[in-house]
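Thank you all for coming; I would like to walk you slowly through one structure today. Please have a look at it first, and then we will go through it together.

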Amino acid sequence: MSSSVKLYSLDFANVKTYLFAAIFIVGNLLLPQLVHQIPQGGLIFLPIYFFTMIAAYKYGIRVGLLTAVLSPLINSLLFGMPPAAVLPIILIKSVFLAVAAAMAAKHFGKVSIFGILLAVLAYQIVGMGAEWAMTQSFAAAFQDIRIGYPGMLLQVAGGFLVLKALEKG
């Protein structure tokens, strides 16, 4: 199941890079606020990553990286979520998701559920390894997969649907 869509690779000199990043950052500010109304909603749905994946897949690595770095930092500063203690691993996962999604978009040249799935699996596997190395706790590192699989499914299915809806742009 795939669909053709216009994909971009905006550079840092283009004002659209910052405009699109700002839009996706706002999405990454609002979605976690909504999801955190559900007990353990952040752990289950992994909302901080959703718009990062879409930003990187649709608009390229630069928009993705701006979204990946600024979303968790602004969320932490404004709302205390993610807590400062877990911010480094969230940033590692978020940045790797942006890189993986941009690479998948470039490789496939179209919106592909398989490409999105590969990006999500890649950031989770690399992120799990980084978290395990940082915390020395496999249980902590495995938490996103053990508890957060609904969020990963949402990233894949929801991301595909959102990217499909952006086909015209």
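How do the residues of the lining of the largest cavity divide into nonpolar, polar and charged? Before I answer, please note that this is a predicted model, in which local features need pLDDT of at least 70 and side-chain atom pairs count only at pLDDT 80 or more, while totals for chains, interfaces and linings use all residues. Residues are numbered from 1 along each chain as its sequence is written, and side-chain values use heavy atoms, with hydrogens and water left out.

The lining divides into seven nonpolar, two polar and no charged residues, where Ala, Val, Leu, Ile, Met, Phe, Trp, Tyr, Cys and Pro count as nonpolar, Asp, Glu, Lys and Arg as charged, and the others, Gly among them, as polar. A cavity here is a set of points on a 1 Å grid over the protein atoms alone where a 1.4 Å probe fits but cannot get out, and lining residues have an atom within 4 Å of a point. The largest cavity has a volume of about 30 Å³, the volume being the space filled by probe spheres set on the points, which are joined across faces, edges and corners. Among its lining residues are Leu31, Phe45, Pro47 and Gln155, and H8, a helix (a DSSP run of H or I, at least four residues, numbered from the N terminus), gives the most, with three residues.

Let me turn to one residue, Val63. Leaving aside neighbours within four places in sequence, Val63 is in contact (heavy atoms within 4.5 Å) with Leu10, Thr17, Phe20, Ala21, Phe24 and Ala55.

Key:
1 Å grid on protein atoms, 1.4 Å probe; cavity = no way out; pocket = protein on both sides within 12 Å on 5 of 7 lines; lining within 4 Å. Helix = DSSP H or I, 4+ residues; strand = E, 2+ residues; numbered from the N terminus.
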